[in-house]
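Here are some notes to read alongside the structure, meant for someone opening it for the first time. Take the points in any order you like.

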Amino acid sequence: MYHANKIIPGLVIFGLLMTFPFWFNIGSAAYSTPELVLPEDHEFCVESVEYMRAEHMSMLNEWRDAYVRDGYGEYQSMLTGQMYPMSLTKTCMNCHNNKEEFCDRCHASVSVDPYCWDCHIEPQGVE
Amino acid sequence: MKSSRRKFIRMAGFAALGWSICPSLAGAAVEAGPKLYFKGEEQLSATQWAMAVDTKKLTRQVMNKCIEACHTLHNVPEIDSNQNIKWLWIEPFRNLFYDQSHPNLTDMANKPFLALCNHCENPPCVRVCPTKATFKRPDGIVLMDFHRCIGCRFCMAGCPYGSRSFNFFDPRRYLEQLDPEYPTRTKGVVEKCEFCAHRLDKGQMPACVEASEGALLFGDLSDSSSDVRRALRERYSLVRKPKLGTGPNVYYLI
């Protein structure tokens, strides 16, 4: 191989840099899903837990456009067929009435900073 | 296999037909799925909402009650400067109707009237908004989608009635009490009167109309039996800056 004295150390340095996150984190605690405080008097959300976990952000985006721009006020659940008003503060936060113990725990753990609460008023939590 | 030119063209034709039909079939399959969004049953509908301000019934007390009802409901801050936020405010006759006034109207010129967004038929703010944050609903309400506003203030330049306010500060700094039913705005967002569109969708009249003790009338302009149309038949009325052709929908009964 030509220039082996440069290529091989170069490859070694490259490999070390690429795998830096893996060996740097050896020994540190593994990521664990944060524990959430779920509403006690409700069995399910407007959709199944798995759906809400994966889709709540796009659902809220669609709700806001449907409500503000097209005047749709009600959402029919695919899970139960029940009707819910499409409202962050009146529907979502009515059950999940503690933002710190529900929203923030996941969002903080995955470093997501939604700007909903710049305008929408967070509930005061359970008294 | 022997392939002729005729056969090739025929196959190409079928393929093109297939490609043109397939996306529309896929679209139809999606549309056939469950419809999840509905409008509430009690929602009020109209072709064009309009307001009539009965200036004979307007007293300071009534006007302040209307303003308070509006501003507490929508979390509108009171800022003691020219950077105040206005949804519904008091303006003297001579400012509202300077082009329809004359020197002998001395007793009228200083009379205080209520002013608000005119919800124009041909709103300049909607035309100039680059993000479509301001838009006109099918029922004639010129609504703002605060989520989309980028604060460029073209709408403020476009509006000939000064009905829009810009948030120079975080409004929560100036609000003592928050109404959790309605969001506040953030710094850098334009806002204005919305004819209480969210209340109409719940079957209620606008907050100022409810608080006005009959001084404000609200109804469908295309319905000849509505309160507004009846008042317009019986009384002399003015609209602000009719020459501009924006078609204001707030009428002042003189």
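1. Start with His198(B), which is buried at a relative accessible area of 15%; the cut-off for that word is under 20%. You'll find His198(B) in helix H7 of chain B, which covers residues 197-200. Setting aside residues up to four places away in sequence, His198(B) touches Leu73(B), His74(B) and Tyr182(B), and also Tyr67(A) from the other chain. Do keep in mind that this is a predicted model.

2. Just before that helix, have a look at Phe195(B), in the loop between S8 and H7 of chain B. Phe195(B) has a phi near 50°, a positive value in a residue other than glycine. As a reminder, most residues other than glycine have a negative phi. Is Phe195(B) buried or exposed? Phe195(B) is buried, with a relative accessible area of 2%.

3. Lys241(B) makes a good companion case. Its phi is positive too, at about 45°, although Lys241(B) is not a glycine. Lys241(B) sits in the loop between S10 and S11 of chain B. With a relative accessible area of 15%, Lys241(B) counts as buried, because the term applies to anything under 20%.

4. That loop leads into a sheet worth tracing by eye. In chain B, 4 strands form an open sheet in the order S9-S2-S11-S10, with mixed pairing. Its edge strands are S9 (216-220) and S10 of chain B, each pairing on one side only. In general, strands of a sheet pair through backbone hydrogen bonds, either parallel or antiparallel.

5. Both senses of pairing turn up at S11(B). Strand S2 of chain B (residues 49-54) runs parallel to S11(B), and 4 bridges join them. Met51(B) has Val250(B) as its bridge partner in S11(B), while Ala52(B) is partnered by Tyr251(B). Strand S10 of chain B (residues 237-238), on the other hand, pairs with S11(B) in the antiparallel sense over 2 bridges. There, Leu238(B) stands opposite Tyr252(B).

6. Which way do the residues of strand S11 (residues 250-253) of chain B point? Val250(B) and Tyr252(B) point one way, Tyr251(B) and Leu253(B) point the other way, and all are buried. Now add the helix: H9 of chain B (residues 227-234) lies across S2, S9, S10 and S11 of chain B. Helix H9 runs at about 115° to S9(B).

7. Don't skip the sheet that brings the two chains together. An open sheet of 3 strands has the order S2(A)-S1(A)-S1(B), with antiparallel pairing. At its edges stand strand S2 (83-85) of chain A and strand S1 (37-38) of chain B; each has a single partner strand, so one side of each is left without a neighbour in the sheet. Within chain A, strand S1 (residues 74-76) is joined to S2(A) by 3 bridges and runs antiparallel to it. Glu74(A) stands opposite Pro85(A) in S2(A).

8. Strand S4 of chain B (residues 112-116) is another one to pick out. Because 4 of its 5 residues are buried, S4(B) is largely enclosed by the rest of the structure. Strand S3 of chain B (residues 88-92) pairs with S4(B) in the antiparallel sense over 5 bridges. Look for Glu91(B) opposite Phe113(B) in S4(B).

9. For a partly exposed residue, turn to Phe168(B), in the loop between strand S7 (165-166) and strand S8 (190-191) of chain B. Its relative accessibility is 34%, so Phe168(B) falls in the band between buried, under 20%, and exposed, over 50%. Beyond its neighbours within four places in sequence, Phe168(B) is in contact with Gln83(B), Arg153(B) and Lys187(B). The C-alpha atoms of Phe168(B) and Asn84(B) are separated by 8.9 Å, although these residues lie 84 apart along the chain.

10. Last, a pocket. What lines the second largest pocket? Its lining residues include His71(B), Asn75(B), Pro77(B), Tyr174(B), Leu178(B) and Asp179(B). By class, the lining has 5 nonpolar, 4 polar and 3 charged residues. The space in this second largest pocket comes to about 280 Å³.

Definitions and conventions: Residues numbered from 1 in each chain as written. Chains lettered and ligands numbered in written order. Predicted model: local features only at pLDDT ≥ 70, side-chain atom pairs only at ≥ 80, totals over all residues. Heavy atoms only, no water. 1 Å grid on protein atoms, 1.4 Å probe; cavity = no way out; pocket = protein on both sides within 12 Å on 5 of 7 lines; lining within 4 Å. Points joined across faces, edges and corners; volume = space filled by probe spheres on them. Nonpolar A, V, L, I, M, F, W, Y, C, P; charged D, E, K, R; others polar. Buried < 20%, exposed > 50% of the residue type's maximum accessible area, 1.4 Å probe, protein only. Pairing = 2+ DSSP bridges. Contact = heavy atoms within 4.5 Å. Axes fitted to C-alpha atoms, helices over the stretch in contact; angles between N-to-C directions.
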